[in-house]
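Visitor: I have a structure open and would like to learn how to read it feature by feature. Could you walk me through it?

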Amino acid sequence: MLRRVRITKYTHSCVRLEHDDGGGTLVIDPGVWSEPEALAGADAVLVTHEHGDHVDVLRLKGLNVPVYAPKAARIPGLDFVGVVADEEFTAAGFRVTAHGGQHARVYDGLPDCPNLGYLVGDRLYHPGDSLHVPDRPVETLLVPLQGSWMKTEEAVDFVRAVEPERAYGIHDGQVNERGLGSLNGWLTHECGGRYRRLLPGATAR
């Protein structure tokens, strides 16, 4: 786990990273389904791509903190710092590296938009809407559980390919409790003890 950092999961793909020693607070993918409190006191925001379930423009416009997103993203009304794949930068005191480049395809080449996965502190990886495997070790993996662009087998294979020390599910806001029980059951059973479910509002270190 990130040393002296608390991870809080919010609804769908939003996570908040806070230094236990009072340092910066970094929020990743605060979308329209995420709780407003995810952004309270945030020092910087990372956005993996332009879809509304990952970026709430109205909330971010009034936040007055740096927002980082793919350079080619189309996010009308939002000023952001453009990022490209393999770029390294610092946000809220965290070292961040961008990986990947494209959103996973659903059908016939669509959606055709940029997507970056973010490796934070060389330890925690948020892939956004992709299953791009970074080219370096990952301690904590945030693994998408559901999307029109994926199936359960791909989530399991993603965890196995990355080989993190631990993995937590994200991108689960469109699934009811019966579906979540099945998805979390499969990953718990098939990922060699690495996987654990985090409910919205729950924290880990």
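**Around Lys-9**

Guide: Let's start with one residue: leaving aside residues up to four places away in sequence, Lys-9 touches Cys-14, Val-15, Gly-169, Ile-170, Asp-172, Leu-198, Leu-199, Pro-200, Gly-201 and Ala-202. Contact here means heavy atoms within 4.5 Å. Before we go on, the ground rules: this is a predicted model, where local features need pLDDT of at least 70 and side-chain atom pairs count only at pLDDT 80 or more, while totals for chains, interfaces and linings use all residues. Residues are numbered from 1 along each chain as its sequence is written, and side-chain values use heavy atoms, with hydrogens and water left out.

Visitor: Is Lys-9 buried or exposed?

Guide: The scale is relative accessible area: buried is under 20%, exposed is over 50%, and partly exposed is in between, with a 1.4 Å probe and protein chains only. Lys-9 has 1% relative accessibility, so Lys-9 counts as buried.

Visitor: And what does the side chain of Lys-9 reach?

Guide: Look for a polar contact, a pair of N or O atoms within 3.5 Å; within protein, one must be able to donate a hydrogen and the other to accept it, and residues adjacent in sequence count only if both atoms are side-chain atoms. In this case the Lys-9 side chain gets to the backbone oxygen of His-12, at 3.2 Å. Lys-9 itself is found in strand 1.

**The sheets**

Visitor: In what order do the strands of the sheet with strand 1 come?

Guide: The general idea is that strands of a sheet pair through backbone hydrogen bonds, either parallel or antiparallel. Strands (E, at least two residues) and helices (H or I, at least four) are DSSP runs numbered from the N terminus, and two strands pair if DSSP finds at least two bridges between them. Here seven strands make an open sheet with mixed pairing, in the order 6-5-4-3-2-1-14. Strand 6 (81-83) and strand 14 (203-204) are at the edges with a single partner strand each, so one side of each lacks a neighbour in the sheet.

Visitor: How many bridges join strand 1 to strand 2?

Guide: Five, and the two run antiparallel: strand 1 covers residues 5-9 and strand 2 covers residues 15-19. To find the register, put Ile-7 opposite Leu-17 in strand 2.

Visitor: What is the order in the sheet that holds strand 7?

Guide: That open sheet has seven strands in the order 7-8-9-10-11-12-13, again with mixed pairing. Its edges are strand 7 (88-91) and strand 13 (195-196), each with a single partner strand, so one side of each has no neighbour in the sheet. Four bridges pair strand 7 with strand 8 in the antiparallel sense, and Phe-89 has Val-96 of strand 8 as its bridge partner.

**Helix 2**

Visitor: Which residues of helix 2 are buried?

Guide: Keep the periodicity in mind: an α-helix has 3.6 residues a turn, so residues three or four places apart point the same way. In helix 2 (residues 152-162), the buried ones are Ala-155, Val-156, Phe-158, Val-159 and Val-162. They span an arc of only 155° around the axis, which puts them on the same side of helix 2; the arc is taken over the directions from the helix axis to the C-beta atoms. Their cover includes strand 10 (124-126), strand 11 (140-144), strand 12 (166-170) and helix 3 (177-190). Just past helix 2, Glu-163 adopts a positive phi of about 55°.

**Salt bridges**

Visitor: How many salt bridges are there?

Guide: Side chains of opposite charge can pair when their charged atoms come close. The criterion is a side-chain nitrogen of Lys or Arg within 4 Å of a carboxyl oxygen of Asp or Glu, and the count comes to 14. One of them joins Glu-18 and Arg-6, at 3.1 Å from N to O. Glu-18 is in strand 2 and Arg-6 in strand 1, so this pair ties together parts 12 residues apart in sequence. Glu-18 is buried at 14% relative accessible area, while Arg-6 is partly exposed at 27%.

Visitor: Which residues are linked in a network of salt bridges?

Guide: Arg-95, Asp-122, Asp-135 and Arg-136. Within it, Arg-95 and Asp-122 have their closest N and O atoms 2.0 Å apart, and Asp-122 meets Arg-136 at 3.9 Å.
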